[in-house]
Amino acid sequence: MSSVPGQLAALTDDFTAGEGILRRQAQRESAARTYARSLPVVPVRARGMTVEGADGRRYLDCLSGAGALALGHNHPVVLEAIRSVLDSGAPLQVLDLATPVKDAFTTALFETLPAELAEHGRIQFCGPTGADAVEAAVKLARIATGHGGLLTFSGAYHGMTAGALAATGDVVARSSAGAQDGRITRLPYPYDYRCPFGVGGDRGAELSARWAGQLLDDPKGGVPPSAAMLLEAVQGEGGVIPAPDAWLRRMREITAARGIPLIVDEVQTGVGRTGTFWAVERSGIVPDVMVLSKAIGGSLPLAVTVYREDLDAWRPGAHAGTFRGNQLAMAAGAATLRFVRQHALDERAETLGNRLMGRLRGLAAHHACIGDVRGRGLMIGVELVDAVAEPDELGARPNAPHLAARIQQEALRRGLIVELGGRHGSVVRLLPPLTITDEQAEAVLDRLASAIEAAQAAGRGGPA
């Protein structure tokens, strides 16, 4: 029997084999698959931001494992960290036992946290996904406070397990899974382009905060006693919607004044992605709980919650998980955390992200189908709209999901991998690795601009 590396080498030499793999995937895998439907690529090699498919084509990857690849594919420091564990003979899976690898990861992580949380914090290693860390955070808050209610926000995404999904804002996803929880109170998230109060800007964010405070204090407001407030500093799947700093500070004030723990989901925003190491740093707030995953594992599965020590109400074994002792992920994660910090990649993300958004806003001035460009650092969203529809009172036009889908496909044809999100899947999302070069950034902009032109032409019946 041939070895796995040998099989991969043979596949790479026979590009037509990729078509068979895609066909067999469609026959064998569940209908739940998502990325494979819109991105029919069979990756066989990857380095940095570049992915090579079995068809021999090369792509610039602006998906980055849904944000998990802070340093891109197969970064040398990550590979070296993994090899060092493999070559050492250390155990690869240890449940929750203490190891030098875990100690090094925890130390590297705590060195990056807000000082107050690092000094008075505890870490909980969870199952391998961000959703499980969200479940753990909410469960812990309910145990610690004795309350069952949970405050979440419109547009939120916190994962696909039952509890995390109940806190998510997508009605279709929740109802299809039966994830309804009467203890959830959903509050309006500030969304400047489509303000729920019809005013936008600072005033819209102020009204959102006022709504939250008054509802919590209203004895007839129908809100059960709250175990926690759960929010994202930048909503990712919700359409790359950054929360205003002043609004985040108001949420911190509202929760602190009422003794409600504040949980911030940093699964996608963490490790330099939004221009600061953690997205909460921009506003200066310190949450009671932070939920971390994706990039903290250096491309391998790892998820943790970090919380104030006075919330540590767990009984032994109250929240466990077989694979919470993944040593390869901890080694890769520690290497990633150190590299991002040592090379100030968060600052680089801020500078380059501002440049990219500036160029994209310039593109929007020539394309009425681009309703809004927004983001933080290298977490960028481009919202597509129906250019001929009537705008609302704020100037926002209806979403254009079909156009967004065409743009995604035209981008793929030009060697650019992007994902969609937001309402009706109308936001093109850019999540390049933090190691993206200036030349690659220009190529991303050129390919996306060309894809928009082609998608619009196809929509008008012209040549794509």
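Here a biologist and a modeller talk through the cores, hollows and one sheet of a predicted model.

Biologist: Let's start inside. What makes the 101 residues a nonpolar core?

Modeller: A core is a set of buried residues of kinds such as Phe, Trp and Leu, joined through side-chain atoms within 4.5 Å. The largest such set here has 101 residues, and Phe-105, Trp-247, Trp-278 and Leu-384 have the most contacts inside it. Helix 13 (residues 327–342) gives this core its largest share, 10 residues.

Biologist: And which residues does Phe-105 touch?

Modeller: Leaving out residues up to four places away in sequence, Phe-105 touches Ile-123, Phe-125, Ile-296, Leu-302, Val-304, Met-330, Gly-333, Ala-334 and Leu-337. Each of these counts as a contact because heavy atoms lie within 4.5 Å. Apart from the largest core lies another one, of 25 residues, including Ala-131, Ala-136, Val-138 and Ile-184.

Biologist: Now the hollows. Why is the space lined by Ala-233 and Val-234 called a cavity?

Modeller: A cavity is a place where a 1.4 Å probe fits but cannot get out, so that is the test this space passes. The structure holds 1 cavity of 30 Å³ or more, and the largest cavity has a volume of about 50 Å³. Its lining is Ala-233, Val-234, Ala-243, Asp-245, Leu-248, Thr-274, Ala-279, Arg-282 and Arg-376.

Biologist: What kinds of residue line the largest cavity?

Modeller: They split into 5 nonpolar, 1 polar and 3 charged. Asp and Arg count as charged, so Asp-245, Arg-282 and Arg-376 are the charged ones.

Biologist: What makes the second largest pocket a pocket and not a cavity?

Modeller: A pocket is an open set of points, whereas a probe in a cavity cannot get out. This pocket holds about 550 Å³ of space. Its lining has 24 residues, with Tyr-35, Leu-39, Val-41, Pro-43 and Leu-63 nearest the centre. By kind, the lining is 16 nonpolar, 4 polar and 4 charged. Strand 1 brings the largest share, 4 residues.

Biologist: Strand 1 again! How do you know that strand 1 and strand 2 pair?

Modeller: Pairing takes at least two bridges, and 4 bridges join strand 1 to strand 2 (residues 50–53), so they pair. The two run antiparallel, and Pro-43 has Gly-53 in strand 2 as its bridge partner.

Biologist: Then why is strand 1 called an edge strand?

Modeller: The open sheet has 4 strands in the order 1-2-3-15, with mixed pairing. Strand 1 and strand 15 (416–417) are its edges, as each pairs on one side only.

Methods
Residues are numbered from 1 along each chain as its sequence is written. This is a predicted model: local features need pLDDT of at least 70, side-chain atom pairs count only at pLDDT 80 or more; totals for chains, interfaces and linings use all residues. Side-chain values use heavy atoms; hydrogens and water are left out. Buried means under 20% relative accessible area, exposed over 50%, partly exposed in between (1.4 Å probe, protein chains only). On a 1 Å grid over the protein atoms alone, a cavity is a set of points where a 1.4 Å probe fits but cannot get out, and a pocket is an open set with protein on both sides within 12 Å along at least five of seven lines; lining residues have an atom within 4 Å of a point. Grid points are joined across faces, edges and corners, and a volume is the space filled by probe spheres set on the points.
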